[in-house]
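This report describes how the two parts of a chain meet, and then turns to backbone geometry in its loops. The sequence and the structure are shown first.

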Amino acid sequence: MDNKNQKNNEMRSHIISTLVENKPGVLQQVSSLFSRRSFNIESITVGESETKGLAAMVIISKGDEKILEQITKQLNKLVDVVKVVELDPDNSVKRELALIKVKADSELMRSEVIQYANIFRGKIVDIGFSTLTIEITGNPNKINALISLLQNFGIKKIVRTGPTAIAREASL
């Protein structure tokens, strides 16, 4: 098998950026399409776009080039989908948000958790009697590294958005 065919058959994550009508039922249509075709959605984020009445939907799905081609064709067939683009991972900005509630029931624990949060450029967004909640944004590897360090304190709860992405400006 030559290198081109091997690359096409390679399972990897794809970042699919879509512009869709901002109305009820569109998210369900898109997720149903993935489900019917047995494609797994690793992450999906949706929010208002810069254009009134349209929403930006970023989907991360794993598959080979053939699967990506099928996904793109099927998304383009949906009436409420305006535009579908695969983002180049090397030419896009990818970020995720996580809220991490950590046990911190002593002054020493609080101090150490705050230091870790600061090192990772996280923010303490809530303080309880025995917990601290950290907000962190960044690439998923950065978030995973902080979570790994906080395991020793006792993580009470983690909520993650999943990655979202945007294309970088073209190089000059």
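## Domain contact and two loop residues

In this predicted model, the centres of domain 1 and domain 2, taken over C-alpha atoms, are separated by 29 Å. The division of the chain assigns residues 12-87 to domain 1 and residues 93-167 to domain 2, and the contact between these domains draws seven residues from domain 1 and eight residues from domain 2.

The size of an interface is often given as the accessible area lost when the parts come together. Here, domain 1 and domain 2 bury about 520 Å² between them, and carbon and sulfur atoms carry 66% of that area. On the side of domain 1, 55% of the area buried against domain 2 is supplied by T45, I60 and L87, which is more than any other three residues supply.

What is the count of salt bridges between domain 1 and domain 2? That count is zero, whereas the count of residue pairs in polar contact between the domains is two, both at pLDDT 80 or more. As for secondary structure, the elements that give two or more residues to the side of domain 1 that touches domain 2 are β2 (41-48) and β3 (54-63). Of the elements on that side, β2 gives the most, with three residues. When the residues on the side of domain 1 that touches domain 2 are sorted by type, five are nonpolar, two are polar and none is charged.

Separate from the description of the contact, two loop residues deserve a note on their backbone angles. S38, found in the loop between α2 (26-36) and β2, has a positive phi of about 60 degrees although S38 is not a glycine. R121 lies in the loop between α4 (107-119) and β6 (123-127), and R121 likewise has a positive phi of about 60 degrees without being a glycine. The table sets out their positions, angles and accessibilities.

| Residue | Loop | Phi | Relative accessible area |
|---|---|---|---|
| S38 | between α2 and β2 | about 60 degrees | 68% |
| R121 | between α4 and β6 | about 60 degrees | 73% |

Are these residues buried or exposed? S38 is exposed, with a relative accessible area of 68%, and R121 is exposed as well, with a relative accessible area of 73%. Each of these values lies over the 50% cut-off that the word exposed requires.

How values were computed:
Residues numbered from 1 in each chain as written. Predicted model: local features only at pLDDT ≥ 70, side-chain atom pairs only at ≥ 80, totals over all residues. Heavy atoms only, no water. Domains from an automatic or database assignment. Contact = heavy atoms within 4.5 Å. Buried area = accessible area lost by both parts, 1.4 Å probe. Salt bridge = Lys/Arg side-chain N within 4 Å of Asp/Glu carboxyl O. Polar contact = N/O pair within 3.5 Å; in protein donor to acceptor, adjacent residues only side chain to side chain. Helix = DSSP H or I, 4+ residues; strand = E, 2+ residues; numbered from the N terminus. Nonpolar A, V, L, I, M, F, W, Y, C, P; charged D, E, K, R; others polar. Buried < 20%, exposed > 50% of the residue type's maximum accessible area, 1.4 Å probe, protein only.
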